[in-house]
Amino acid sequence: MSATNLEIARIFAQIADLLELKQESTFRVNAYRKGSRALESLAEDVQAVAARGELRKIGGIGASLAEKIEEYLRTGRIEYFDELSKTLPPGVSDLMTIPEVGPKTALLLYERLGITDIDGLERASRAGKVRELPRLGAKIEQNILQGIERRRQQTARQPLGIVLPQAQAVLEVLGAAAGVEALSLAGSIRRMRDTIADIDIVVATRAPDPVMEALVGLPQVARVLSRGATLSSVLLGVSGVQCDVRVVDPASFGAALQYFTGSKDHNVRLREMAVRRGLRINEYGVFRVADEVRVGGKTEEEVYGALDLPWIPPEIREAQGEIELAQRGELPTLVSLADVRGDLHMHTTWSDGDDTAETMARAAKARGYEYIAITDHSRSLRFAGGVGIDDLHAHARVVQDVGDRVGLRVLMGSEVDILPDGSLDYPDEVLRTLDLVIGSVHTRLRMSQEEMTRRVVTAMQNPHLDILGHPTGRLVGQRPPFDLDLDAVIDAARATGTVLEINAYPERLDLRDAHVRLARDRGALFEIGTDAHRRDHLRVMEYGIGTARRGWVEAPGVINTWPLQRLLDFLED
DNA sequence: GCCGTTTTCGGCCCGACTGTTTTCAGTCG
């Protein structure tokens, strides 16, 4: 997850593209792709892994890739890649990002027409030159032009919090169509990844027509990309997100859902296991190879069961060790929304929130919560209406009163700024009066890693600080995390008993999934808070839970699943 | 290039779609 991890991952992906263009063995190509993905999803800094001499313990990294990683860490280059790059102009592999253009076609375009980038491809297509190449025709040429056009308009992956509500709205309408026996989201949105490229929906029915009619008739559909009996694709409204709906026979629903939920790596592992058992898994079911007899597929449980595995929650289907744990019957019991007893991070009209403490408390009560904490901003965060010390006392009385009136425990808290020197924005005698203190960095984000780490760790050492809020400061798709030595922060969390926040606000989701996993593996405690600024924001808890689940977190590791008294005792210390 | 509860060598996930190809290669998910 560090910058270095991503740099090397990128190089490996580019090596894979180049090898593919050169028609190298697909297995070799895939080995680099797999290695690239392994580094991408590696939570720890690869440098640290290398220092321990454990590169080859990373799945997909063998002798050759480990050596190249070490070379990069040592010299900042990978000579093999440099040499490979010289054999083809850099833009040729970009051509493969256009639909219809794979390695064969990209190479053909380069060799026969001298095309070295996407602009060149567009010019040649408009000039009708592409259709003259062998195996290509007018239709493909047209599709290439459309693909280039779509790519220009298309936005990058969008935050889960933007896409999931749209997906749920589509799901609701399709579910009401005649003859639908079951349906579900699939793909990365079901796995609750923090960003989503497109929406996948699987529908079980014997009569596809009403479902497809319902889909293309949706008011939010901006364009119908394709409409078939088993697959239709549409673009949704302003966001421009593509939504693919697949219709399957109910007998295949589980197999299709499993298949289209992914991840790809997870599914590849399952199918490898199936082959070793003389089985074949596809989107229609599980089949015995010997006699083609179908042994399952109606439910996901049947698919996993055929491999003697328990059902694996979608959020952890990432080929990151979940299959091995499932084999041993040791899957974690992931925290769920139902475990949450309260929300410990929210704002009110006292700082930059839109609703009063009472409104928030009533909304929380309606969600079935037993307690909340009101955590308005501290004094120095003026642009967010930070609460001064004098106001804080009045604020505390209001909050106290609200709890009594609404009938749930309302903790008086604060989201206190961590100032650049690591001190907190209220003096200790003020902090002492609060039930709960979240410390967050909001200003001076561009410190060096050393400075930022010292700042945060210093704050964590203040005994009044209970929770480190949105620890890395990243904004999904907008702002990278600030430069922080997360290993040191996790160590400090354990040493000082500071809880790490999983901020559920969709633009944040911070800590993010891989960091949560890293912290969990080292025994850190978490709080999942919405950072709500309005009552309807309380529902974003769902995204925080998804992120926690992706990090393999169990309910006992999340303080806002604890009963009130246990939470109070903990905060007391 | 990776990997091992059938293997340290010989495998490596699976099927649909589509356009142009007259028998299927290439691309995609």
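## Helix α2 against helix α4

Contact here means heavy atoms within 4.5 Å. In this predicted model, Ala31, Tyr32, Gly35 and Leu39 of α2 are in contact with Ser64, Leu65, Lys68 and Ile69 of α4. The residues of this contact comprise five nonpolar, two polar and one charged.

Helix α2 spans residues 26-40 and helix α4 spans residues 63-75; they pack at an angle of about 55°, and their axes are 11 Å apart. Angles of 65 to 115 degrees count as roughly perpendicular and those under 35 as roughly parallel, so α2 is oblique to α4. The crossing of these two helices is right-handed.

## Helix α1 against helix α2

Helix α2 also packs with helix α1 (residues 3-21): the two axes come within 8 Å and cross at roughly 165°. Angles over 145 degrees count as roughly antiparallel, and α1 is therefore roughly antiparallel to α2. The crossing of α1 and α2 is left-handed.

On the α1 side, the contact is made by Asn5, Leu6, Ile8, Ala9, Phe12, Ala13, Ile15, Ala16, Asp17, Leu19 and Glu20. On the α2 side, the residues are Arg28, Val29, Tyr32, Arg33, Gly35, Ser36, Leu39 and Glu40. By class, the contact of α1 with α2 has eleven nonpolar, three polar and five charged residues. Tyr32, Gly35 and Leu39 of α2 appear in the contact with α1 and also in the contact with α4.

## Surface near DNA strand B

DNA strand B is surrounded by 38 residues, of which the closest are Gly62, Thr105, Gly137, Tyr259 and Arg271. Sorted by class, this surface has 18 nonpolar, nine polar and eleven charged residues. Of the strand B atoms within 4 Å of the protein, 72% belong to sugar or phosphate, and the rest belong to bases.

## Contacts to phosphate and contributing elements

Phosphate oxygens of DNA strand B have polar partners in both backbone and side chain. A backbone N or O atom of glycine 60 lies 2.7 Å from a phosphate oxygen of the strand, and a polar backbone atom of serine 64 is 3.3 Å from a phosphate oxygen. For threonine 105, a polar side-chain atom lies 2.5 Å from a phosphate oxygen.

The elements giving two or more residues to the surface near strand B are α2, α4, α6 (103-113), α8 (138-153), α13 (264-276) and β8 (279-282). Helix α13 provides the largest share, six residues. Serine 64, named above for its backbone atom beside a phosphate oxygen, is also one of the α4 residues that meet α2.

Methods. Residues are numbered from 1 along each chain as its sequence is written. Chains are lettered from A and ligands numbered from 1 in the order in which they are written. This is a predicted model: local features need pLDDT of at least 70, side-chain atom pairs count only at pLDDT 80 or more; totals for chains, interfaces and linings use all residues. Side-chain values use heavy atoms; hydrogens and water are left out. Axes are lines fitted to C-alpha atoms, for helices over the stretch in contact, and angles run from 0 to 180 degrees between N-to-C directions. Helices (H or I, at least four residues) and strands (E, at least two) are DSSP runs, numbered from the N terminus. A crossing is left-handed if the near helix is turned anticlockwise from the far one by less than a right angle, and right-handed if clockwise. Ala, Val, Leu, Ile, Met, Phe, Trp, Tyr, Cys and Pro count as nonpolar, Asp, Glu, Lys and Arg as charged, and the others, Gly among them, as polar. A residue is near a molecule or strand if one of its heavy atoms lies within 4 Å of it. A polar contact is a pair of N or O atoms within 3.5 Å; within protein, one must be able to donate a hydrogen and the other to accept it, and residues adjacent in sequence count only if both atoms are side-chain atoms.
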